[in-house]
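Hi there,

Here is the structure I promised to pass on. Have a look at it first, and then read my notes underneath.

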Amino acid sequence: MDISKAKKAKQELDLLHRKLKESELKYRTLFEYANDAIYLLEIGSDHFPARFVEVNEAGCKRFGYTREELLSMPCHGIIPRDSDIVQKTVEQIRNGNLSFTLQSQFTFKSGEIKKLEYSGKLFNIEKKKCFLLFQETGQST
């Protein structure tokens, strides 16, 4: 390969890399600044949420934990496995539903009890089953 072809290939690679970074920045911005609480959870082989993979600021505020706390704790340390919200979600996953919307009552760390409506989608990331959950922060009764 001559130098001009190598230079052109490097320029194309640099452009592709720049576009990828811009795309990642756009999605990161949408995720972080969304008014809705957004959680990405890893699902264990038992179909129960195992850990938080990612959470936005609205999601942190909803639970009353910092992002670092949420990402370092197992899900059952934050959301009890026997809670209505977990039981309904696990039932949907076990029934093979990849996308669903549910309502549930939940008691938060503060002691506040709220009725929540949340939507989720199940998919794989690098051979791990994950659940993307959206909950409108204004949704409660």
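**What I found**

Let's start with charge: the protein has 23 positive and 20 negative charges, and the mean positions of the two sets lie 5 Å apart. Keep in mind while you read that this is a predicted model.

**The whole protein**

There are 4 helices and 5 strands in the protein. If you walk along the sequence, they come in the order α-β-β-α-α-α-β-β-β. The protein is more spread out than a compact globule, because its radius of gyration is 19 Å, well over the 14 Å that the globule rule gives for 141 residues. You can look for this in the C-alpha trace too, which spans about 65 × 30 × 25 Å along the principal axes.

Now for the surface and the inside. The accessible surface adds up to about 9400 Å², and carbon and sulfur atoms hold 54% of that. Of the 141 residues, 32% are buried. I also looked at contacts between residues at least 6 apart in sequence: 42% of these join residues at least 24 apart.

**Glutamate 54**

Next, please find glutamate 54, which sits in strand β2 (residues 49–55). Is glutamate 54 buried or exposed? Its relative accessibility is 13%, and buried means under 20%, so glutamate 54 counts as buried.

Which side chains does glutamate 54 meet through polar contacts? One is the side chain of arginine 28, with a polar contact of 3.5 Å. Another is the side chain of arginine 67, where the polar contact is 2.5 Å. Both arginines turn up again in the wider list of contacts: setting aside neighbours within four places in sequence, glutamate 54 is in contact with Arg28, Phe31, Ile38, Tyr39, Leu40, Arg67 and Leu71.

**Phenylalanine 123**

The other residue to click on is phenylalanine 123, in strand β4 (residues 113–125). Its relative accessible area is 29%, and partly exposed covers the range between under 20% and over 50%, so phenylalanine 123 is partly exposed.

What does phenylalanine 123 touch, if you don't count residues up to four places away in sequence? The list is Leu40, Lys128, Lys129, Cys130 and Leu132. Leu40 may ring a bell, since glutamate 54 is in contact with Leu40 as well. Finally, try placing serine 99 relative to phenylalanine 123: the two are 24 residues apart in sequence, and their C-alpha atoms are 9.2 Å apart in space.

Have fun exploring!

Key: Residues numbered from 1 in each chain as written. Predicted model: local features only at pLDDT ≥ 70, side-chain atom pairs only at ≥ 80, totals over all residues. Heavy atoms only, no water. Helix = DSSP H or I, 4+ residues; strand = E, 2+ residues; numbered from the N terminus. Rg over C-alpha atoms; globule rule 2.2 N^0.38 Å. Buried < 20%, exposed > 50% of the residue type's maximum accessible area, 1.4 Å probe, protein only. Contact = heavy atoms within 4.5 Å. Areas by Shrake-Rupley, 256 points an atom, 1.4 Å probe, with all protein chains shown as cover. Lys, Arg positive; Asp, Glu negative; His and termini not counted. Charge placed at Lys NZ, Arg CZ, Asp CG, Glu CD. Polar contact = N/O pair within 3.5 Å; in protein donor to acceptor, adjacent residues only side chain to side chain.
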